[in-house]
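Student: I would like to learn how to read a protein model feature by feature. Could you show me the structure, and then take me through it?

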Amino acid sequence: MNYNTEILSPTDENIEKAGRLLGSGEVVGIPTETVYGLAADATNPDAVSKIFVAKGRPQDNPLIVHIADKTDIEKYAKDIPEIAYRLADKFWPGPLTMVLPKKDIIPKVTSGGLDTVGIRFPSNPIAQKIIKVSGLPLAAPSANLSGKPSTTTAKHVYDDMNGRISAIVDGGACSVGVESTVISFSGEDVIILRPGFISKEDLLTVADNVIIDKGVLSEMSEDAVVASPGMKYKHYSPKANVVIVEGEYDNFLSFFEKNYSEGIYAMIFGNETNEFPYPHFSYGETDSEQAVELFNKLRMADEMNVKTVYVRCPSKDGVGLAVYNRLIRAAGFEVIKL
Ligand code: TXA
Ligand code: MG
């Protein structure tokens with residue numbers, strides 16, 4: 001691992017180049033609408049192993065396979081329930097990953113040893129071009145060092161991956177900002193393994209029953225057998241200590257006043273920044289704005305050597321559930337209720 005990591009603008013020529021690198025078994029950072037991904041040929045065990053090395057990712061944590069044509073789902077998955085097709089029709093291309101029984105063409109290293117594979121058709125046009133040009137299904141986890149906040153710009157990817165991968169395609173800032181919703185199926189029921197931009201409410205427009213897996217909101221021990229292995233690892237954590245503070249604005253302000261000293265910052269909602277008299281980050285007013293800003297602000301906190309960030313608790317509805325799910329992991333499940 002000692003690459004001269006190139007940042008490629010998304011010209012046709014550079015996309016061809018990314019396609020060639022992927023074809024020859026290299027790892028390339030690619031933009032998607034959610035977060036940047038570390039892509040490699042999902043069918044090539046050596047290429048996929050390089051992703052695990054570059055990220056420092058535990059081997060039992062499966063990767064999502066990215067496709068650029070709905071019908072490709074049948075090349076990599078089998079026993080697909082009818083509900084999966086209806087969800088694909090409504091939400092693909094987009095930030096929805098479906099976990100299905102895998103076909104043999106997907107090696108075990110890609111699926112973290114499981115018999116299932118997560119499949120997603122991203123909506124980002126650059127991601128789609130790269131998948132098409134490579135002619136491959138692309139395994140891609142979020143393009144951060146394992147345990148760190150995900151990356152939503154090419155610069156973030158470079159900060160974590162310089163020297164570790166061959167290239168990064170710069171597609172600008174990601175429009176969604178949190179990772180895809182990961183679901184599995186039990187008959188026609190949908191189970192949310194990881195909340196994302198496609199909310200429970202969205203899924204209920206297609207499915208009759210949507211269940212939120214217990215791993216979404218509670219802490220799982222490292223040796224637990226969980227539906228989504230990613231949910232048990234320390235995640236999304238900046239160096240700064242992150243603490244979620246749940247309560248009204250006035251109570252948050254007096255709590256912060258009592259706890260404030262040098263190196264301590266607040267992370268507050270966009271509409272509160274004018275009145276807040278202490279050092280702070282703003283992470284948007286609506287849940288989708290918070291999703292866009294979250295990882296960016298956690299990374300900024302590290303660049304500024306912030307010691308502790310007290311974060312206003314997001315709503316747990318809609319996209320807010322995804323923001324909350326990432327934050328409680330960044331906070332090591334530390335929530336102060338006022
Ligand atoms: O938006 C996204 O999903 C981004 C972009 C790059 O597409 N990718 C992403 O990948 O977030 P990653 O590897 O950082 O997170 C994938 C999550 C992990 O929690 C993993 O455990 C879960 O999805 N997952 C993947 N395949 C699975 C499977 N077969 N069964 C259960 N969980 C799975
Ligand atoms: Mg990740």
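Tutor: Let us begin with the term on which the naming of places depends: helices (H or I, at least four residues) and strands (E, at least two) are DSSP runs, numbered from the N terminus. In this structure Asn305 sits in the loop between α9 and β15. This is a predicted model, in which local features need pLDDT of at least 70 and side-chain atom pairs count only at pLDDT 80 or more, while totals for chains, interfaces and linings use all residues. Residues are numbered from 1 along each chain as its sequence is written, chains are lettered from A and ligands numbered from 1 in the order in which they are written, and side-chain values use heavy atoms, with hydrogens and water left out.

Student: How many helices and strands are there in the protein?

Tutor: The protein has ten helices and 16 strands.

Student: Which radius of gyration does the protein have, and what would a compact globule have?

Tutor: The radius of gyration is taken over C-alpha atoms, and the globule rule is 2.2 Å times the number of residues to the power 0.38. For 338 residues the rule gives a value near 20 Å, and the protein has 20 Å, which agrees with a compact globule. The C-alpha trace spans about 60 × 50 × 35 Å along its principal axes.

Student: What share of the residues counts as buried?

Tutor: Buried means under 20% relative accessible area, exposed over 50%, and partly exposed in between (1.4 Å probe, protein chains only). By that reading, 58% of the 338 residues count as buried.

Student: Is Asn305 buried or exposed?

Tutor: Asn305 counts as exposed because its relative accessible area is 61%, and its phi is near 55 degrees, a positive value in a residue other than glycine. Phe333, in the loop between α10 (320–330) and β16 (335–337), also is not a glycine and has a positive phi of about 70 degrees. Phe333 has 25% relative accessibility, so it counts as partly exposed.

Student: Which residues does a cis peptide bond join?

Tutor: The cis peptide bond joins Trp92 and Pro93, with omega about -5 degrees, and Pro93 has its place in the loop between α4 (82–91) and β5.

Student: With which residues is Thr308 in contact, leaving aside its neighbours within four places in sequence?

Tutor: Contact means heavy atoms within 4.5 Å. With those neighbours left aside, Thr308 is in contact with Asn241, Val243, Gly263, Ile264 and Tyr265. Thr308 lies in strand β15 (residues 308–312), and it is buried because its relative accessible area is 11%. Glu262 is 46 residues from Thr308 in sequence, and their C-alpha atoms are 9.6 Å apart in space.

Student: Where does Ser288 lie?

Tutor: Ser288 lies in helix α9 and is partly exposed, with a relative accessible area of 29%. Leaving aside its neighbours within four places in sequence, Ser288 is in contact with Val176 and Phe197, and its C-alpha atom is separated by 7.4 Å from that of Gly320, 32 residues away along the chain.

Student: Now to empty space: how much of it lies in the largest pocket?

Tutor: Rolling a probe the size of a water molecule over the atoms shows where empty space is left. On a 1 Å grid over the protein atoms alone, a cavity is a set of points where a 1.4 Å probe fits but cannot get out, and a pocket is an open set with protein on both sides within 12 Å along at least five of seven lines; lining residues have an atom within 4 Å of a point. Grid points are joined across faces, edges and corners, and a volume is the space filled by probe spheres set on the points. The largest pocket holds about 640 Å³, and of its 44 lining residues, Arg57, Asn61, Pro62, Ile64 and Arg194 lie nearest the centre. Among the elements, β6 gives the most to this lining, with four residues.

Student: How large is the second largest pocket, and which residues line the largest cavity?

Tutor: The second largest pocket has a volume of about 170 Å³, and α6 (154–161) and α9 (287–303) each supply at least two residues of its lining. The largest cavity, with about 40 Å³ of space, is lined by Thr181, Ile192, Pro195, Gly196, Ile198, Ser199, Lys200, Gly318 and Leu321.
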